[in-house]
Amino acid sequence: MSLVPEPPKEVGSAVPAHTPHAVSVMFPTWQDNVYYEEGNPIVTSKMECGYPRFFIHPYIQKLCARIVTKFGKPGDSGMLFPSRKVAEGCREFMARFHPESVGAVRVVELKISSEQGPLSVYGTLFPEDAFKAAKQYWQHTGCILSSRMAEHCLNIMDANKSAAATPNIEPPMTPGKRSRYSKSNKVQSNNNNADAEEDHATYVEERYGRNLPIEFVDHAKVALRRRIAGIVSEHDKNTKVQDFEKATSSELESQRLIQGARGMKGLTEQDVYLYPCGMSAIYYAHQAALSILGSSRKSVCFGFPYTDTLKILQKFGPGCYFFGLGEDKDIDELEAKLKGGERILALFCEVPSNPLLKTPDMKRLRQLADDYDFMMVVDETIGNFCNVSVLPYADMVVSSLTKIFSGDCNVMGGSMVLNPNRKYYTAIKQYLNAEYEDLVWCEDALFLERNSRNFEERSKTINENAEALCDYLSTHPLVHQLCYPKFVCREYYDAVKNPEGGYGGLFSMVLQNEEQARTFYDNLKCAKGPSLGTNFTLVSPYTILAHYTELDWAAQFGVSSYLIRVSVGLESKESLLKSFKDALDAIKQ
């Protein structure tokens, strides 16, 4: 399809190419991934970007260096955060996991005056040898600073410096001077809508750094929350953000009470909370459970999860029980533990799981939660609510909006959806009313809103592509194992699958040995790097990237060291099948 960008070829290039805020990076060969994990400058020195929770964006690094220079001491390093509370949380984490730095960790605030009002960035400063602990907090919690916010701050600081050096320089334009975003200069002719939309996209990409269309941000976030809630009428599908200001409050009220795609009675956009990324939503779901049910109960991590979910449950609070296989016998073991008197805080699981694509028996887990009084938090990132309906089983559903919801691989985001019909709903709402901070940077919200308008349509195409590709691979003699919901735990996946849904766009494959995996990966013609859910096919040697220092541990739970994870995109079925066939054929040569 013409919408799918050509992947870059050079190691370290942004994915997508030429995208300043890309959330993936090109690793063309298997060895590139190994070099990255080893910190080898052969790869690391060439990286334009990386996945933002693991690789700190150059704009953030540059802004942090200025803050350390301004506020720090010799030998200091720093980490930037979007709020004082988050920065203080980093200091508390470091006191626990790097106690030798206690007393030397400080929180500072950089105040910036902008045409849209005052802006603050918070830095946690500490001795350089404590950087690893601060980075773990950044990575695990996902409470990260937006690279677009960092760019915006740098632009203001540089403009102010230039203005001071050259008093006659033209000042930055205000939003009112930009006709594209002036309320009095909206396109009047329907014939110009296509041109205006294209122009809008160009303006968003190139000019936001200085002039933020803040008059649309609140509307964009309302649109996002409603879309995530699945409350989407035909009117909504054709509504641009700007049109929300034309709707009366009664119209919006009637629309938001429509029982939407999630099929949940009583659900509204007020039950949806936005976060900087999916891991941040998981972190705050855990914090809510700790606050409500007490800090003495351990959580349960059910099934082999994405790595930082387990880290959150292990490092924040009293720890967790890990059932890494996530199978029926694990439920038996959990039930026996509960019958023996063990009190559980919350059970965290993924539907389906990453990277093994397993789905647990959600009905049975929910029954245990009801019988033994614990919460359930379900990560639906891989399934997505177009395909699966997991909210009826959960107290909280979390998701990474960075993935297929956005698709464009150029913005981070996360969400939490509350089930209004569960026992702890009121308590969770009260906790969030007191503690929730909206940390989503305004530009990121605008990108997410725009990117997700055709989410359902893209999801359907990707479902079809992935199923065709997996049907082919399932009979190929070189494929030793194929992890895909159609072939793995299908009974339990089908139990939560929507009637019009599919099996998603993610699968993992294991060939007969590592040498075959290397050859296949190196010869596959597509984008290769971290992340998933992109509009283009994106492949990674998942275990190498996520568990390089614990390969034997991961293998205990069926995660092979040479597992290849594939996120299928919008390319034509024919081109996808040919790419995979050619790469498999290369093994035989």
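Helices of at least four residues and strands of at least two are DSSP runs, numbered from the N terminus. The exercises below concern a predicted model.

**Exercise 1. Locate P352 and describe the peptide bond that leads to it from V351.**

Solution. Begin with the elements on either side: P352 lies in the loop between β9 (344-350) and α14 (362-372). Next, consider the bond itself: the peptide bond from V351 to P352 is cis, with omega near -15°. As background, most peptide bonds are trans.

**Exercise 2. Describe the bond that joins V15 and P16, and state where P16 lies.**

Solution. The bond between V15 and P16 is a cis peptide bond, with an omega of about 0°. P16 belongs to the loop between β1 (14-15) and β2 (24-25).

**Exercise 3. State the phi of D373 and the loop in which D373 is found.**

Solution. D373 is not a glycine, yet its phi is positive, at about 60°. For comparison, most residues other than glycine have a negative phi. The position of D373 is the loop between α14 and β10 (375-379).

**Exercise 4. Determine the strand order of the open sheet of 3 strands and describe its pairing.**

Solution. First, the order is β3-β5-β4, and the pairing is antiparallel. Second, β3 (76-81) and β4 (106-114) are the edge strands, since each of them pairs on one side only. Third, neighbouring strands of this sheet are turned against each other by 30° on average, direction ignored.

Now take one pair in detail. β4 and β5 (residues 117-127) run antiparallel and are joined by 9 bridges. In one of the pairings, S113 has P118 in β5 as its bridge partner.

Finally, add the helix that accompanies these strands. Helix α5 (residues 131-141) lies across β3 and β5, and runs at about 10° to β3.

**Exercise 5. Work out the arrangement of the open sheet of 5 strands.**

Solution. The strands follow the order β13-β14-β17-β16-β15, and their pairing is mixed. At the edges are β13 (479-483) and β15 (527-528), each of which pairs on one side only.

Consider next the pair formed by β15 and β16 (residues 538-540): these strands run parallel, and 2 bridges join them. A527 has L538 in β16 as its bridge partner.

The helix to add here is α17 (residues 455-473), which lies across β13 and β14 (506-511). Helix α17 runs at about 20° to β14.

**Exercise 6. Explain how R91 and E88 are placed in helix α4, and describe the contact between their side chains.**

Solution. Both residues belong to helix α4 (residues 84-97), and because they are 3 residues apart there, about one helical turn separates them. Their side chains meet in a salt bridge, with an N to O distance of 2.7 Å. In the whole structure, the search finds 26 salt bridges.

**Exercise 7. Characterise the largest pocket by its volume and its lining.**

Solution. Start with the volume, which is about 1,200 Å³. The lining of this pocket has 49 residues, and those closest to its centre are F54, Q139, T307, D308 and L545.

Then ask which elements contribute. At least two lining residues come from each of α1 (30-38), α5, α11 (278-293), α12 (307-315), β11 (396-400) and α20 (542-547). The most is given by α5, with 6 residues. Helix α5 is thus met again here, having been placed across β3 and β5 in Exercise 4.

Lastly, sort the lining by residue class: 21 residues are nonpolar, 16 are polar and 12 are charged.

**Exercise 8. Count the cavities of 30 Å³ or more, and describe the largest cavity.**

Solution. A general principle comes first: a probe the size of a water molecule, rolled over the atoms, shows where empty space is left. The structure holds 7 cavities of 30 Å³ or more. The largest cavity contains about 200 Å³ of space. Of the 22 residues that line the largest cavity, L145, S146, S147, M412 and D444 are the closest to its centre. By class, the lining of the largest cavity consists of 13 nonpolar, 7 polar and 2 charged residues.

Notes. Residues are numbered from 1 along each chain as its sequence is written. This is a predicted model: local features need pLDDT of at least 70, side-chain atom pairs count only at pLDDT 80 or more; totals for chains, interfaces and linings use all residues. Side-chain values use heavy atoms; hydrogens and water are left out. Two strands pair if DSSP finds at least two bridges between them. Axes are lines fitted to C-alpha atoms, for helices over the stretch in contact, and angles run from 0 to 180 degrees between N-to-C directions. Contact means heavy atoms within 4.5 Å. On a 1 Å grid over the protein atoms alone, a cavity is a set of points where a 1.4 Å probe fits but cannot get out, and a pocket is an open set with protein on both sides within 12 Å along at least five of seven lines; lining residues have an atom within 4 Å of a point. Grid points are joined across faces, edges and corners, and a volume is the space filled by probe spheres set on the points. Ala, Val, Leu, Ile, Met, Phe, Trp, Tyr, Cys and Pro count as nonpolar, Asp, Glu, Lys and Arg as charged, and the others, Gly among them, as polar. A salt bridge is a side-chain nitrogen of Lys or Arg within 4 Å of a carboxyl oxygen of Asp or Glu.
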